[in-house]
Every structure is written in C-alpha cells, then in structure tokens.
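Q: Please give me a close look at a single part of this model, and then show me how the rest of the chain is arranged around it. I work at the bench, so plain words and residue names that I can find on screen would help.

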Amino acid sequence: KAGFGNGLEEFTYAFWVKRGTYIGNGRLFGNFNDDMNTAVQLNIIGTGALSCMIRQEGNHYRELTTPADTITEDQWHHIVFTFKDNRMDLFIDGVYRYYVNYAEFVPMVDFAEWQYPMTLFARNVRGTLNEHYRGQADDLRIYNYALSRDEIGKLYYDVTGEASCIYGYPSLDISGPDGVRDCVVNLYDFAAFAAQWMESG
C-alpha cells in the first residue's frame, strides 16, 4: 500500500534474485500514479546494477542506484533495501554495501493511495505495463519498517547458514580462505599484503 504507514515512508524490501542475461531495466515491482506523484520501483538492471526509487506527491523522490556489476549474472543474491529517516541502505548477500542520505531534506510523508494495481516483475506506469523483469526472484518480503542489521544478517543466515558482514568489510580485509574478503582481518590478509611487498619500490 502507498498511504501513510504502509511501506513507502519507511520500509524494508528483501528478496533473492538471479538476474540472468539481458540488457536494459527489469522491474521487480513498480507503480506510478498520475502526473509526477506517488510512485515506487525496484530495478534489477541488465548491467548488474540495482536501483530503488520512491516518490511522494509533488515529485519529491529518493533513489539509490549502484554501479554496474554490483551483482553477478546467473547467480543467486540476497538483496535488502531499507529506508528510514530519509536514508536508504542496501545490503547484498548479508553485507552492508551502499547508502544515500537525504538528511537535509524534509521527511517523506505525503503519499497518496494507488490509482493503478501494483505489478510484480514489471512496473505499472499509469496503466501501462513495461520493463518486465526477465530473471528469477524468490522470497520477496515487504516490511513497513526498516529491519536492523542483525535482522538482515539473520535473513541471509537462515537460508545459507553463513554468517555475514552486516556492518561492512573492515578496511584491511582484502582476502580470506578462498581468496576473497571474509569480514575478518587475519593472516590471510597479511599474506596478501606480504606477497606484494617486493613487487615495486
């Protein structure tokens, strides 16, 4: 729902996604009222970027869009967008990755009820469906409040059994047992640093 208290002025959108091979935009869901008013869209772009946008009455909006290649092709990823107090955060596979903060703007509280049906795997732009999502998705959860980082980590753990880096990677975490960051600074990272010490002056 779009009205006050119904999941736009504060929310969590959590889901698993496997984007596949395509170009352009694919909307996991989306809906647009008439004119430049209440709207929402959740986008899985063919370049591997992710995007979430909400808009209230009068064309005031908040949006977070990631760089290309944020998620890999033909692999499942757990995605969580949260929004609260004009700040939008993004967690990928249980790891805190991106945010935008509109702290200097007025709160988002002026939403109208939907004029058109909410659409899954596309967006409904004033009665016209377009930008269909051509990948796979599962376990879409919509909350009208922002989950905590621990709660988001638990969503990922409950499916994978793997602990996640919910507060983001430490700055010196560059490697791990499999050669990728593992949220711990230890001898794997030291070995990665040491391996390069003699390569240049």
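A: What follows starts with the whole chain, turns to one strand, and then moves on to some loops and charged pairs.

First, a friendly word of caution: this is a predicted model. The protein chain contains 12 strands and 2 helices. Going along the sequence, the strands are written before the helices, in the pattern β-β-β-β-β-β-β-β-β-β-β-β-α-α. The C-alpha trace of the protein chain spans about 65 × 40 × 35 Å along its principal axes. Of the 201 residues in the protein chain, 43% are buried. Among contacts in the protein chain with a separation of 6 or more, 56% are between residues 24 or more positions apart. The surface that the protein chain exposes comes to about 10,600 Å², and carbon and sulfur atoms supply 52% of this area.

Now for the part to look at closely, strand β6, which covers residues 77-84. How many of the 8 residues of β6 are buried? The count is 7, so strand β6 is largely enclosed by the rest of the structure.

Strand β6 has pairing partners that you can pick out by residue number. One is strand β1 (residues 11-18), which runs antiparallel to β6 and is joined to it by 7 bridges. To find this pairing on screen, look for Phe15, whose bridge partner in β6 is Ile79. Another partner is strand β7 (residues 87-92), again antiparallel to β6, with 6 bridges joining the two. Here Phe83 is a handy marker, as it stands opposite Met88 in β7.

Strands β6 and β7 form a hairpin with 2 residues between the strands. In this hairpin, Asp85 takes a positive phi near 55°. Most residues other than glycine have a negative phi. A little further on, Arg87 and Asp89 bring their side chains together in a salt bridge, at 3.0 Å from N to O. How do these partners sit, buried or partly exposed? Asp89 counts as buried because its relative accessibility is 9%, and that is under the 20% cut-off. Arg87, with a relative accessible area of 25%, is partly exposed.

Positive phi values also turn up in loops elsewhere in the chain. Phe121 has a phi near 60°, although it is not glycine. You will find Phe121 in the loop between β9 (119-120) and β10 (123-125). Its relative accessible area is 36%, so Phe121 is partly exposed. Glu131 is likewise a residue other than glycine with a positive phi, in this case near 50°. Glu131 lies in the loop between β11 (128-130) and β12 (136-143).

Glu131 leads us to the charged pairs. The protein chain carries 27 negative and 16 positive side chains, and the centres of these two sets are 4 Å apart. There are 6 salt bridges in the count. In one of them, the side chain of Glu131 meets that of Arg123, at 3.6 Å from N to O. Arg123 counts as buried because its relative accessibility is 14%, whereas Glu131, at 26%, counts as partly exposed. Another salt bridge pairs Arg141 with Asp139, where the closest N and O atoms are 3.1 Å apart. Both of these partners count as partly exposed: Arg141 has a relative accessibility of 32%, and Asp139 has 31%. There is also a network, in which salt bridges with shared partners join Arg27, Arg123 and Glu131.

One last stop is Tyr61, which lies in strand β5 (residues 60-65). With a relative accessibility of 41%, Tyr61 counts as partly exposed. Which residues does Tyr61 contact, leaving aside its neighbours within four places in sequence? They are Met53, Ile54, Arg55 and Met108. Tyr61 and Met108 are 47 residues apart along the chain, yet their C-alpha atoms are separated by 8.2 Å.

To come back to the part we began with: β6 is joined to β1 by 7 bridges and to β7 by 6 bridges, and 7 of its 8 residues are buried.

Technical notes
Residues numbered from 1 in each chain as written. Predicted model: local features only at pLDDT ≥ 70, side-chain atom pairs only at ≥ 80, totals over all residues. Heavy atoms only, no water. Helix = DSSP H or I, 4+ residues; strand = E, 2+ residues; numbered from the N terminus. Buried < 20%, exposed > 50% of the residue type's maximum accessible area, 1.4 Å probe, protein only. Contact = heavy atoms within 4.5 Å. Areas by Shrake-Rupley, 256 points an atom, 1.4 Å probe, with all protein chains shown as cover. Lys, Arg positive; Asp, Glu negative; His and termini not counted. Charge placed at Lys NZ, Arg CZ, Asp CG, Glu CD. Salt bridge = Lys/Arg side-chain N within 4 Å of Asp/Glu carboxyl O. Pairing = 2+ DSSP bridges.
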